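Let's take a walk through a protein model together, one strand at a time. Have the 3D view ready so you can follow along.

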Amino acid sequence: MIVLQKVMFKHAVRIIIALNLVLLSSVSHAEEATKRLIQQLEKLQSIEAHFVQYVVDKAGTSVQESRGVLKAKRPGLFYWHTEPPLEQVIVSDGQNVIVYDPDLEQATVQPVTEQLSNTPALLFSGDVKKLGESFLVHHKHWDNTVDQYVLMPRGADSLFESLRLRFDQGILVEMRLTDSLGQKSTIGFNDAKVNSGLTDKQFEFVIPEGTDVIREIMQ
């Protein structure tokens, strides 16, 4: 009986050691992936591209398809214009985010908070040095040109459950996002131009006269 207990104890110790090694390996890979993604994003000081977005629900049923234009520039400048019939403009000047809905003749203005700065959109215009504090990152590389990163939020109050970024030769070509309801959005980027000399003026947005403006105050 004593011999059996010793054998079981040694076996349990081996399992614990093995699990610890796996955990340490996973942490090491995650840290390396985070550093790699930060380096990739820091090279991307500005980007402009056309996009096509497909949204499906938890059952895989298509619920939305839209097209538009993305522009982003560090630090803090962002422009997202979805074309009609679902037209919407989202603009950030680094201090405030404006969401303008032409059909509703309504605009919402809110300060850029820490939560907003961690959204996928502002990931390409904000400071990414502390990316690892907000996300656990996994990385895959193949075909010598394609890099894929999967970001898992560390905080329970995140606006999404997972985010996948795919780069081809250093250029962003796809973003996939899964929200807390299981809804999945796939955004493909075309004709992307990186570090093409975007000016701050290209991110200025004047809310049209007659628009109902809702201003949210940071608590």
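**Strands side by side**

Start with Leu-165, which sits opposite Met-175 of strand 10. Keep in mind as you look that this is a predicted model. Leu-165 and Met-175 give you a way into a pair of strands: strand 9 (residues 162-168) and strand 10 (residues 171-178) run antiparallel and are joined by seven bridges. Two residues lie between these strands in their hairpin, and there Gln-169 has a positive phi near 55 degrees.

Now follow the chain onward. Strand 10 also pairs with strand 11 (residues 184-194), again in the antiparallel sense, with five bridges linking them. To spot this pairing, look for Arg-176, whose bridge partner in strand 11 is Thr-186. This hairpin has five residues between its strands, and Gly-182 is the one to check: its phi is positive, near 85 degrees.

Next, jump back to an earlier part of the chain. Strand 1 (residues 46-56) pairs with strand 2 (residues 62-73) through eleven bridges, and the sense is antiparallel. Here Ile-47 has Ala-72 in strand 2 as its bridge partner.

So how do these pieces fit together, and in what order do the strands lie? Twelve strands make up an open sheet with mixed pairing, and the order is 7-8-9-10-11-1-2-3-4-5-6-12. At the edges you'll find strand 7 (135-142) and strand 12 (212-215); each has a single partner strand, so one side of each has no neighbour in the sheet. On average, neighbouring strands of this sheet are turned by 15 degrees against each other, ignoring direction.

Terms used. Residues are numbered from 1 along each chain as its sequence is written. This is a predicted model: local features need pLDDT of at least 70, side-chain atom pairs count only at pLDDT 80 or more; totals for chains, interfaces and linings use all residues. Side-chain values use heavy atoms; hydrogens and water are left out. Two strands pair if DSSP finds at least two bridges between them. Helices (H or I, at least four residues) and strands (E, at least two) are DSSP runs, numbered from the N terminus. Axes are lines fitted to C-alpha atoms, for helices over the stretch in contact, and angles run from 0 to 180 degrees between N-to-C directions.
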